[in-house]
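Subject: Structure for you to look at

Dear colleague,

Here is the structure I promised to hand over, and my notes follow it. Please have it open while you read.

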Amino acid sequence: MSQSTVREIVSNNAVLHLPDGQSIELPVITGSENEKAVDISKLRAQTGHITLDPGYGNTGSCQSGITFLNGEKGILRYRGIPIEQLAAKASFVEVCYLLIYGKLPNQQELTAFEDNLNHHALLHEDMKTFFSTFSGQAHPMAILSAMVASLSGYYSEAADGVGGFDMNAARLISKIRTLAAFSYKKSIGQPFIYPDDSLSYCGNFMRMMFAVPARDYEPDPVVEEALNLLLILHADHEQNCSTATVRTVASSHASLYASIAAGILALWGPLHGGANQKVIEMLETIRKDGGDVSKFVKMAKDKNSSFRLMGFGHRVYKNFDPRATVIKGACDKVLSKMGIEDPILDLAKQLEAAALEDDYFVERKLYPNVDFYSGIIYRAIGIPVNMFTVMFALGRLPGWIGQWKELMDDPTHRITRPRQVYTGNTEVNYVPLADRK
Ligand SMILES: CC(C)(COP(=O)(O)OP(=O)(O)OC[C@H]1O[C@@H](n2cnc3c(N)ncnc32)[C@H](O)[C@@H]1OP(=O)(O)O)[C@@H](O)C(=O)NCCC(=O)NCCS
């Protein structure tokens with residue numbers, strides 16, 4: 001962490017009066033975007049009280065200089081640069097560098113970084129045998145997380161090992177593409193296609209996914225551009241569930257590979273990265289059911305039903321998700337450039353329109369999130385539905401790596417160890433087996 005990341009700007013103290021008569025002054029920290037935080041780090045030591053915040057909706061777990069997000073205003077910036085500018089102008093590889101190293105690379109730095117990625121695209125040949133041990137039904141996220149954890153068995157994971165952090169970061173960013181593509185090839189019974197250094201990051205991935213030895217393969221520039229955009233939009237999102245997981249695991253000084261494997265598993269859940277797969281499945285269900293979106297909006301509002309509109313709502317965005325706005329525009333563009341008419345896109349638009357004028361969704365500030373339209377683009381470019389969350393992991397990887405580095409570079413970081421409010425039995429005696437009812 002650079003010196004500037006940990007801020008010690010303290011405005012007026014807050015005073016907390018407790019029911020037992022104690023009171024404590026708590027420093028108020030101000031972030032660089034003027035957001036305020038009450039620093040409670042001395043609260044338990046000085047008063048014996050802790051705070052309770054299930055889901056951490058009000059709790060800052062760290063100070064970070066990587067991503068700024070304002071959910072009320074729909075702002076997202078990586079290292080200060082608005083997501084809209086990066087989406088329009090940057091390459092995913094530049095964004096990886098930006099998130100990990102804190103600045104956009106100059107030409108020399110970019111070339112060196114790209115060379116490093118090319119150099120590390122291959123997998124250790126022995127790792128190929130792993131793919132054949134998974135069942136044909138294995139979800140690609142199960143394969144990806146296991147394979148990323150396995151990398152530590154093949155490559156020195158010590159941050160001070162050969163090449164250290166820089167090499168491990170490059171290995172991960174490069175090899176995750178190869179792992180993802182190989183797991184797909186395994187699932188459809190096609191031979192693995194090795195990486196090609198002459199292609200862009202996204203072009204290389206598309207080739208490993210879709211080329212076959214019998215034919216030449218040229219990545220479609222429209223597809224490369226779309227993929228580049230989607231990966232950038234997913235690249236970081238401050239302290240979300242998977243990133244918080246990466247930091248938590250890293251705080252025990254687990255290796256980069258172990259921490260990222262944990263992040264991949266956290267991302268898998270349908271309330272997080274798994275939502276993009278669920279959106280398409282939901283839209284397919286609506287289509288097969290006759291396409292009446294109002295029926296599903298009604299079901300999402302029914303508290304007796306567990307059905308939710310997938311791709312709607314967000315813990316922090318309460319106005320709009322700026323990534324969803326960019327993706328929605330790209331969706332129309334990509335599909336029309338590729339000459340694809342997808343009835344699912346029309347259904348998605350109808351569903352969005354119906355929900356946005358419904359009081360239930362308006363009152364709760366539930367808007368389409370990044371996953372609502374991303375699946376439609378992935379589908380158009382040929383990515384199978386069960387690989388959608390893998391694509392999210394590819395995009396989120398540089399964010400996880402940057403956050404891992406920031407934590408490790410912070411000499412003041414401590415192991416993550418939340419407290420709890422215990423609600424179980426008070427002391428009871430052990431009952432011998434023969435005496436139990
Ligand atoms: C993203 C998400 C997990 C955020 O959860 P959260 O911040 O904990 O918000 P809550 O689950 O407390 O929801 C607040 C209210 O909105 C409702 N709600 C939230 N998302 C909803 C959805 N997608 N469909 C229907 N109702 C929803 C909840 O039922 C709750 O209603 P209540 O106040 O009457 O009890 C949640 O909106 C969700 O499950 N969305 C669908 C999954 C998804 O798209 N995830 C990807 C996120 S990028």
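Below are the notes, taken one region at a time.

Please bear in mind that this is a predicted model, in which local features need pLDDT of at least 70 and side-chain atom pairs count only at pLDDT 80 or more, while totals for chains, interfaces and linings use all residues. Residues are numbered from 1 along each chain as its sequence is written.

Helices (H or I, at least four residues) and strands (E, at least two) are DSSP runs, numbered from the N terminus. Strands 5, 6 and 7 make an open sheet in the order 5-6-7, with antiparallel pairing, where two strands count as paired if DSSP finds at least two bridges between them. Strand 5 (67–70) and strand 7 (81–82) are at the edges with a single partner strand each, so one side of each has no neighbour in the sheet. Between strand 5 and strand 6 (residues 75–78) there are four bridges; Thr 67 stands opposite Tyr 78, and Leu 69 has Leu 76 as its bridge partner. These two strands form a hairpin with four residues between them, and Gly 74 in the turn has a positive phi of about 70°.

Helix 15 (residues 343–356) has 14 residues, which at 1.5 Å a residue should span 20 Å, and its end C-alpha atoms are indeed 20 Å apart; the expected span is 1.5 Å times one less than the number of residues. Leu 345, Ala 348, Leu 351, Glu 352 and Ala 355 are buried in this helix, meaning that 20 or more other C-beta atoms, placed from the backbone, lie within 10 Å of their own (12 or fewer is exposed, and in between is partly exposed). They cover an arc of only 125° around the axis, which puts them on the same side of helix 15, the arc being that of the directions from the helix axis to the C-beta atoms. Pro 343 and Ala 353, on the other side of helix 15, are exposed.

The buried residues of helix 15 pack against helices including helix 12 (275–288), and helix 12 is also the place of Asn 276. Asn 276 is buried, with 28 other C-beta atoms within 10 Å. Leaving aside residues up to four places away in sequence, Asn 276 touches Asp 371, Ser 374, Gly 375, Phe 388, Thr 389 and Phe 392, a contact being C-beta atoms, placed from the backbone, within 7 Å. The C-alpha atoms of Asn 276 and Ser 374 are separated by 6.9 Å, although these residues are 98 residues apart along the chain.

With best wishes

Notes:
Two residues are in contact if their C-beta atoms, placed from the backbone, lie within 7 Å.
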